[in-house]
Each structure stands twice: as C-alpha cells, then as structure tokens.
Amino acid sequence: GINLRAKSLQVYIDKFNPAIAVRTSPADYHAGERVVDLPLYALSLLPGEINRYFAIKYYTQSKITIGKAAELAGMDKVNFEIYLSKNKIPISLLSYDDIQNDLQKISTLKKIKQ
C-alpha cells in the first residue's frame with residue numbers, strides 16, 4: 001500500500017513551519033489546509049499550485065485584489081471566482097459595515113445630484 005502518513009513530513013512541518021508542504025506519491029491529488037498531495041504524473045502542475053495557494057492566501061488576507069489574485073493564479077477573474085467558490089472561499093471580503101458605508105455614500109451622492 002501507499003503510506004501517506006509518513007512522520008518525516010510532519011517533523012519537517014513542525015520544525016520549519018512552511019506555508020505549504022507538497023508530498024509527491026502515486027496517490028491521487030488532494031489539497032489539504034497545509035499539505036498538497038501531488039501525484040508523480042502531475043509534477044508539472046507544481047508551479048501553478050503554488051501560485052494558486054499564494055493568490056488565495058494574499059487575497060483572503062486583503063493584501064491583493066481579487067483581480068491581482070486571479071492574475072497570480074494564472075486565471076481570468078471569472079474562473080478564479082469559480083475556483084474560490086468550489087473551494088468554499090468567499091469571493092467578496094466586504095464586511096457588513098463596508099457595505100453599509102458604501103450604501104450611505106451612494107445615498108449621499110444621489111442627494112447631491114438632485
């Protein structure tokens with residue numbers, strides 16, 4: 001069988017605390033919170049997977065816009081939003097207060113125009 005519970009990877013993660021760890025094996029692809037299982041036949045996907053990881057990380061930390069995140073991930077904005085949705089990551093990071101403030105600004109602008 002295939003051993004995906006090797007202790008050496010966990011020791012490495014505990015010691016060096018990498019943002020992401022990649023394990024290659026004959027097993028199928030799986031992306032966990034910090035470990036990506038990458039099948040040997042898919043090694044060529046590694047750079048793209050790393051880019052997607054950092055695109056999501058920086059976007060969810062509000063360090064880059066969704067458009068820049070999509071660019072970093074190598075996707076157009078619509079496909080990146082679909083990718084986020086499929087992975088249960090919100091495509092809007094606006095808080096309730098942000099939305100309320102925007103609505104108030106729109107209301108004020110409408111009154112000025114009249």
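**Exercise 1. Which residues is Asp 37 in contact with, leaving aside its neighbours within four places in sequence?**

Before we start, a word on the model: it is predicted, local features need pLDDT of at least 70, side-chain atom pairs count only at pLDDT 80 or more, and totals for chains, interfaces and linings use all residues. Residues are numbered from 1 along each chain as its sequence is written, and side-chain values use heavy atoms, with hydrogens and water left out.

Solution.
- Step 1: find Asp 37, which sits in strand β3. Helices (H or I, at least four residues) and strands (E, at least two) are DSSP runs, numbered from the N terminus.
- Step 2: list its contacts (heavy atoms within 4.5 Å). With those sequence neighbours left aside, you get Arg 23, Asp 28, Tyr 29 and His 30.
- Step 3: look at Arg 23 again, since its side chain and that of Asp 37 are joined by a polar contact of 2.4 Å. A polar contact is a pair of N or O atoms within 3.5 Å; within protein, one must be able to donate a hydrogen and the other to accept it, and residues adjacent in sequence count only if both atoms are side-chain atoms.

**Exercise 2. Work out whether Asp 37 is buried or exposed, then do the rest of β3.**

Solution.
- Step 1: get the cut-offs: buried means under 20% relative accessible area, exposed over 50%, partly exposed in between (1.4 Å probe, protein chains only).
- Step 2: Asp 37 has a relative accessible area of 8%, so this residue is buried.
- Step 3: β3 covers residues 35-39, and 5 of its 5 residues are buried.
- Step 4: check the directions. Val 35, Asp 37 and Pro 39 point one way from the strand, while Val 36 and Leu 38 point the other way.

**Exercise 3. Which strands pair with β3, and in which sense?**

Solution.
- Step 1: two strands pair if DSSP finds at least two bridges between them.
- Step 2: β1 (residues 21-25) pairs with β3 in the parallel sense over 5 bridges. Here Ala 21 has Val 35 as its bridge partner.
- Step 3: β2 (residues 30-31) pairs with β3 in the antiparallel sense over 2 bridges. Here Ala 31 has Val 36 as its bridge partner.
- Step 4: β2 and β3 form a hairpin, with 3 residues between them.

**Exercise 4. Describe Ala 55 and Arg 52 in helix α2.**

Solution.
- Step 1: Ala 55 lies in α2, and so does Arg 52, with the helix running over residues 46-60.
- Step 2: Ala 55 counts as buried because its relative accessibility is 0%. Arg 52 is buried too, at 17%.
- Step 3: Ala 55 and Leu 72 are 17 residues apart in sequence, yet 5.7 Å apart in space, C-alpha to C-alpha. For Arg 52 and Met 75, it's 23 residues in sequence and 9.1 Å in space, again C-alpha to C-alpha.
- Step 4: not counting residues up to four places away in sequence, Arg 52 touches Ala 73, Met 75 and Tyr 83. Leaving aside neighbours within four places, Ala 55 is in contact with Ile 64, Ala 69, Leu 72, Ala 73 and Phe 80.
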